Amino acid sequence: MNTIAMSVMFLRLEILIVSVGFCSGQSLTPDQAVERYLTASRNRQPECSDRAFAVQIDASLSKLKKEGSMSGVKMMSRTGQAVYSGLQFSGDKLVKTAVIARFLAKEAKPSDRSAGTDVTRRNYSIVYDRTSPYNDLSAYVFRVKPVRKRKGLFKGELWLDANTADPLRLWGDLVKSPSIFVRQFRFVQDYQRLGDCSQPLRLLLTVDTRIVGEVEMAVWLHPVDNQSATDVITETRSQ
């Protein structure tokens, strides 16, 4: 093989290697992804909270065979406080008062970042476990374990987009029960990308209680513009 032919062959090989690298889409290593995520979590931008969502909440008490649903609008202020409006409920009253109402009351409180429960190196051991598919994306999956047992901390997994380090899923079991009436508390939080911000899409809660058995709740959030949110609230008030 002459020199020109060999040069052409190596050039084609280099182009093939570069092309494969670009097609893989995984421009970050697991370490880079988790560090980018932690940095973004520390530097939350105010505009990522100034949004409106159509909210749907479904809850059930399986042991008592009771269930209910609530829909409306959730407004997130720049201070991180949630305000619910235009709420409509259908189903068993016990589910409304004992499950959904308590959840909304807790949501309405401003987030307290001083509580020390955020996913940080100080609070958790974060170890890369595997790469897994997630809704046509490639996700880095990290095992998350608290460095000490404390209320509000959990043991579970953090899923990050392998290309952007955006959060895709966070799930786990609380390591300390929030109440003597609760045996186990599990959550699954899925995220959606809105502009330059990652926002919650779906929250699943499963709580094993000592009195009424298992409580399940699913919260769905879909972005709407401010005018649409106002229309929903106005329509509900006129009914």
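Does Ile211 count as buried or exposed, and at what relative accessibility? At 59% relative accessibility, Ile211 counts as exposed; here, exposed means over 50% relative accessible area, buried means under 20%, and partly exposed is in between (1.4 Å probe, protein chains only).

Some housekeeping before the views. This is a predicted model, where local features need pLDDT of at least 70, side-chain atom pairs count only at pLDDT 80 or more, and totals for chains, interfaces and linings use all residues. Residues are numbered from 1 along each chain as its sequence is written, and side-chain values use heavy atoms, with hydrogens and water left out.

**View 1. The whole protein has 4 helices and 10 strands.** Helices (H or I, at least four residues) and strands (E, at least two) are DSSP runs, numbered from the N terminus. Read from that end, the elements go α-α-β-β-β-α-β-β-β-β-β-β-β-α. The protein has 239 residues, and 33% of them count as buried. About 14700 Å² is exposed, with carbon and sulfur atoms supplying 54% of it; accessible areas come from the Shrake-Rupley method with a 1.4 Å probe, and for residues only the protein chains shown count as cover. Now for contacts, meaning heavy atoms within 4.5 Å. Among those with a separation of 6 or more, 48% link residues 24 or more positions apart.

**View 2. Ile180, Phe181 and Ile211 make a nonpolar surface patch.** The patch covers about 350 Å². Patches are built from residues with over 30% relative accessible area and no salt bridge (a side-chain nitrogen of Lys or Arg within 4 Å of a carboxyl oxygen of Asp or Glu); like charges are joined within 9 Å, and nonpolar side chains (Val, Leu, Ile, Met, Phe, Trp, Tyr) within 5 Å. Look for Ile211 in the loop between β9 (197–209) and β10 (214–224).

**View 3. Lys74 is a buried lysine in strand β2.** The strand takes in residues 66–76, and Lys74 has just 9% relative accessibility. What does the side chain of Lys74 make a polar contact with? Its partner is the side chain of Glu107, at 2.8 Å. A polar contact is a pair of N or O atoms within 3.5 Å; within protein, one must be able to donate a hydrogen and the other to accept it, and residues adjacent in sequence count only if both atoms are side-chain atoms. Skipping residues up to four places away in sequence, Lys74 also touches others, including Phe53, Tyr84 and Leu221.

**View 4. Leu170 sits in strand β7.** That strand spans residues 167–174. Leu170 is buried, at a relative accessible area of 9%. Beyond four places in sequence, the residues it touches include Val119, Phe154, Leu158 and Phe187. Val144 is 26 residues from Leu170 in sequence, and their C-alpha atoms are 9.4 Å apart in space.

**View 5. Ser60 is in strand β1, and Lys65 is in the loop between β1 and β2.** Strand β1 runs over residues 51–61. Ser60 is buried, with a relative accessible area of 16%, whereas Lys65 is exposed at 76%. Leaving out neighbours within four places in sequence, Ser60 is in contact with Lys66, Glu67, Glu214, Val215 and Glu216. The phi of Lys65 is near 55 degrees, a positive value in a residue other than glycine.

**View 6. Asn135 also has a positive phi.** Its phi is near 50 degrees. Asn135 belongs to the loop between β4 (124–134) and β5 (137–146), and is exposed, with a relative accessible area of 63%.
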